[in-house]
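Visitor: I've got a few minutes before my next spin. Can you walk me through this one?

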Amino acid sequence: AVWVNEQDHVRAMAVQPGDQLHLAFREVVRSLDAMAGVLRRRVKTDETGELFAHSGRLGFLTASIANLGTAMQAVVEVRLPLLGGSEAGSPWKEWCLAQRVQVRPRLDEDGRRVPGVFELSNSDRLGVSEVETINLVSHMASRLVRMEQQLEAGQSIRSEEHTSELQ
């Protein structure tokens, strides 16, 4: 879906089931490229051919300072009942923040938390590319799912490969 003049100049979204973040990214890129092609044919652009406010140094200039740069937010919803159930004293959310990924509880239509379900999203928009953002969020979702699987198998997530990461 592409929304125009909603919070910013243009907002494009794609939703894919499962672990299809890269497919959703490709869908957004194709949609925006198609929209830009139509606009180029119908709207007078500036001398560089740019359609939207863009800076080579800062990225896309947006109405919201929080979106300066790529202006892209990649969100993945993950079910982590065991990891999420150990909220008190668990360093996994702080570890995610140190990796530049935000963790928020998933809320239902009434604004109530969905137990054990979290939304992961990128913290940074400035100084990173869209591809780097997608790869980071995808990689972090994969790491957290592996941690959850370790807990399901009765193993500690502080063992093996995650020891140094969670300290």
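Visitor: Which residues are buried in α4?
Guide: Quick heads-up: this is a predicted model. Buried here means under 20% relative accessible area. In general, an α-helix has 3.6 residues a turn, so residues three or four places apart point the same way. The buried residues in α4 are T133, I134, V137, M140, A141, R143, L144, M147, E148 and Q150.

Visitor: Which strands does α4 lie across, and at what angle does α4 run to β7?
Guide: Helix α4 covers residues 130-152. The strands α4 lies across are β5, β6 and β7. Against β7, the helix runs at about 145°.

Visitor: What should the 23 residues of α4 span?
Guide: Count 1.5 Å a residue for the 23 residues of α4. The end C-alpha atoms of the helix are 33 Å apart, which agrees with the expected span of 33 Å.

Visitor: What is the phi of G154, positive or negative?
Guide: G154 follows α4. Its phi is positive, near 80°.

Visitor: What is the strand order in the open sheet of three strands?
Guide: The pairing in this sheet is antiparallel. β5 (75-79) and β6 (101-107) each have a single partner strand, so one side of each is left without a neighbour in the sheet. Neighbouring strands are turned by 30° against each other on average, direction ignored. Reading across, the order is β5-β7-β6.

Visitor: How many bridges join β5 and β7, and which residue is the partner of R79?
Guide: β5 and β7 (residues 113-122) pair in the antiparallel sense, over five bridges. Along β7, E119 stands opposite E77. For R79, the bridge partner in β7 is V117.

Visitor: How many residues lie between β6 and β7 in their hairpin?
Guide: These two strands pair in the antiparallel sense over six bridges, and R113 in β7 stands opposite L107. In the turn, G111 has a positive phi of about 85°. The number of residues between β6 and β7 is five.

Visitor: Zooming out, what pattern does the chain follow along the sequence?
Guide: The chain's secondary structure comes to five helices and seven strands. Written out in sequence order, the pattern is β-β-α-β-β-β-α-α-β-β-α-α.

Visitor: And what share of the 167 residues is buried?
Guide: The chain exposes about 10600 Å², with carbon and sulfur atoms supplying 52% of that area. As for buried residues, they make up 29%.

Note on methods. Residues are numbered from 1 along each chain as its sequence is written. This is a predicted model: local features need pLDDT of at least 70, side-chain atom pairs count only at pLDDT 80 or more; totals for chains, interfaces and linings use all residues. Side-chain values use heavy atoms; hydrogens and water are left out. Helices (H or I, at least four residues) and strands (E, at least two) are DSSP runs, numbered from the N terminus. Buried means under 20% relative accessible area, exposed over 50%, partly exposed in between (1.4 Å probe, protein chains only). Accessible areas come from the Shrake-Rupley method with a 1.4 Å probe; for residues, only the protein chains shown count as cover. Two strands pair if DSSP finds at least two bridges between them. Axes are lines fitted to C-alpha atoms, for helices over the stretch in contact, and angles run from 0 to 180 degrees between N-to-C directions. Contact means heavy atoms within 4.5 Å. The expected span of a helix is 1.5 Å times one less than its number of residues.
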